[in-house]
Amino acid sequence: MAKVKGTVVVDVERCKGCDLCVVSCPCDVLELQPREVNQKGYHYVYMKNEDACIGCANCGYVCPDACLTIYKQKNITTDTAK
Amino acid sequence: MNTSIVDPKNLVYAKPELMNDNQMHYCPGCSHGVVHKLIAEIIDEMGLREKTIAIAPVGCAVFAYDYVDIDWQEAAHGRAPAVATAIKRLCPDKMVFTYQGDGDLAAIGTAETIHAANRGENIAIIFINNGIYGMTGGQMAPTTLSKMKTSTTPNGRDTYENGYPLKITDLLAQLEGVCFATRQSVHTAPAVKKAKRMIAKAFQNSLDGKGTSIVEIVSTCNAGWKMTPAGANDWMVDNMFPVYPIGDLKDI
Amino acid sequence: MKGNEAVAHAAIRLGVDGYFGYPITPQSEILETLMAEAPWKTTGMVVLQAESETASINMVYGGAGCGKAVMTSSSSPGLSLMQEGLSYLAAGSLPCLVINVMRGGPGLGTIQPSQSDYFQTVKGGGHGDYKMVTLAPASVQEMSDFVGLGFELAFKHSTPVMILTDGVIGQMMEKVKLPEFRRRRTEEEIRKQCPWATLGKTPDRKPNIITTLELDAHAMERININLQEKYRKIEESEIRYQEIDCDDMDYLIVAFGSAARISQKAAELAKAEGIKVGIIRPITLWPYPSDIINQYASKVKGILTVEFNAGQMVEDVRLAVNGKVPVEHFGRLGGIIPTPFEVVSALKQKLIK
């Protein structure tokens with residue numbers, strides 16, 4: 001059966017660490033960098049829990065700074081013929 | 001990151017093409033950015049790059065023209081609907097919209113807003129209502145809630161002294177020139193998708209010459225409200241939505 | 001026809017794209033004539049009665065930003081309301097035509113003719129360092145002609161142009177030869193003539209943005225310097241005036257608009273008494289014909305300005321003359337038009353003595 005897998009690419013320098021993507025994620029994938037900051041001094045977002053991402057793009061929709069790019073793949077594991 | 005997924009064929013969401021690489025000046029978590037993105041997406045999806053003329057307000061969104069690569073005019077404070085009126089009348093085949101905040105649209109520009117709508121000008125008005133003056137540092141707006149603290153109502157808006165939250169979209173919906181009036185928000189992914197459909201409809205109305213459309217986006221100003229972005233969203237749901245309920249007010 | 005009506009007819013014939021205005025005496029005939037002529041059915045010209053002068057001038061801003069030939073008209077109190085928009089139009093280097101059919105002020109004042117908005121017009125009534133090319137017609141013919149000239153200068157220098165006239169010229173009836181019909185420009189022609197116009201971004205260019213905001217002080221200074229350079233160029237090339245009997249004169253009257261016509265009659269009366277009076281009638285109030293007045297200053301015994309105000313243009317004449325000869329002012333206020341006899345007696349009283 002097919003399992004959906006997603007990933008989020010962060011434009012680190014555009015991110016202002018507002019946290020809205022983090023709270024919008026249904027799978028608890030994202031987190032703000034606890035220590036690292038970008039050039040503007042923001043704790044930018046990163047994928048804390050990569051494997052949990054389903055590529056729903058909720059984070060992208062609510063991101064005010066258009067710094068997230070989301071990809072989704074149906075990761076086919078078995079029964080490709082069907 | 002699973003790099004094998006990062007492939008154009010797997011792309012589901014990205015910064016709209018029409019939005020340029022200028023970093024927006026808005027505070028972290030500001031609703032303006034989300035609405036800017038929607039505008040950029042819709043204009044592209046509707047194929048209106050060459051047909052759109054936009055009018056920016058005075059207020060935080062005064063620099064909207066720096067972020068979305070279309071033709072813009074920056075109007076004097078509150079005058080965007082008058083500016084848009086002339087543009088649409090002189091260029092009837094264009095899609096013309098204004099982007100205005102609550103101070104611009106519902107205080108200093110009330111006359112221009114109401115009369116443009118009453119004439120049924122074929123323009124779309126995107127109205128960002130966050131109940132406060134963001135750019136000038138958090139003063140009371142006409143839409144500020146009762147008891148809400150701002151820098152000019154430090155003890156909270158006293159309706160006896162300062163009047164009541166102005167539900168201008170409700171007023172506009174009463175006008176015969178208005179074909180479409182709706183109130184939306186952009187605090188969750190489903191809300192963003194809904195707001196996008198509503199803005200697209202308003203843009204189509206401008207093209208079709210159906211009359212004036214107004215899309216109010218009940219928004220947050222977490223910096224002005226002195227909250228976290230996520231906290232501001234919750235506060236908006238609990239406090240703004242009861243006064244400014246989400247939904248269509250008019251659609252003909 | 002009336003001066004106000006001539007403006008309306010000239011605008012239609014010259015292929016103007018839009019008029020936006022609000023009724024106010026003594027200029028409502030411009031809007032009324034346009035509405036009666038209904039040019040949207042013929043030339044496609046847009047005519048709209050706005051909700052206020054504030055809205056009118058901002059409609060002009062919107063239209064001008066699209067490179068369209070747009071205009072408005074009003075009278076003194078209405079112009080006070082328009083000052084915000086005029087400052088923005090000047091700052092944005094947007095071509096347009098504004099007509100002020102002056103009435104007596106201050107405040108709501110009177111509906112009778114006046115010239116008391118001279119300062120407001122030529123010294124910059126709105127905020128910031130800006131100038132407006134100002135044309136002062138003295139006949140119905142010039143009311144018609146200056147619509148064409150006004151737009152020509154507006155587009156040539158990318159700047160707002162004002163026709164500053166008064167209730168006398170606006171309301172009086174004279175014969176007039178209207179301009180030939182000219183079609184409105186196509187969008188393609190406008191895009192070529194005004195590459196900065198917001199008509200929708202085409203793939204071959206960057207977005208066009210009409211804005212007057214610049215938060216970087218150095219960049220804002222550069223914008224101001226560019227504006228001032230443009231104004232110097234206009235001062236070099238666009239000064240217009242009329243000389244009447246200046247070849248052989250002892251006294252010079254400087255007057256514009258209807259005051260110049262009364263002064264002309266006064267000069268005839270003075271001549272009958274053996275007093276030789278010449279007249280300079282500035283046609284452009286900005287840029288001001290300072291040089292010619294300065295040149296004549298050394299040839300006369302004194303200069304009188306005749307204005308329907310408390311003494312406004314007289315300051316520019318004094319600056320032009322720079323103390324060479326006595327410069328006096330004669331005027332009536334609040335909507336009173338002086339008779340030529342009054343002008344002659346003022347001349348005697350103030351200069352001949």
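The dialogue below goes through how chain B meets chain C, and then how two domains of chain C meet.

Q: What kind of model is this, and how are residues and chains labelled?
A: This is a predicted model, in which local features need pLDDT of at least 70 and side-chain atom pairs count only at pLDDT 80 or more, while totals for chains, interfaces and linings use all residues. Residues are numbered from 1 along each chain as its sequence is written, and chains are lettered from A and ligands numbered from 1 in the order in which they are written.

Q: How many residues does the contact take from chain B and from chain C?
A: Two residues are in contact if their C-beta atoms, placed from the backbone, lie within 7 Å; here the contact takes 29 residues from chain B and 34 residues from chain C.

Q: Which element gives the most to the side of chain B that touches chain C?
A: Helices (H or I, at least four residues) and strands (E, at least two) are DSSP runs, numbered from the N terminus. On this side of chain B, α2(B) gives the most, with eight residues.

Q: Which strand of chain C pairs with β3(B)?
A: Two strands pair if DSSP finds at least two bridges between them. In this case β3(B) pairs with β7 (residues 209–210) of chain C in the parallel sense over two bridges, and B:Trp72 stands opposite C:Ile209 in β7(C).

Q: Where do the domains of chain C lie along the chain, and how far apart are their C-alpha centres?
A: Domain bounds come from an automatic or database domain assignment, which for chain C gives domain 1 (3–187) and domain 2 (242–352). Their C-alpha centres lie 27 Å apart, and the contact takes 25 residues from domain 1 of chain C and 20 residues from domain 2 of chain C.
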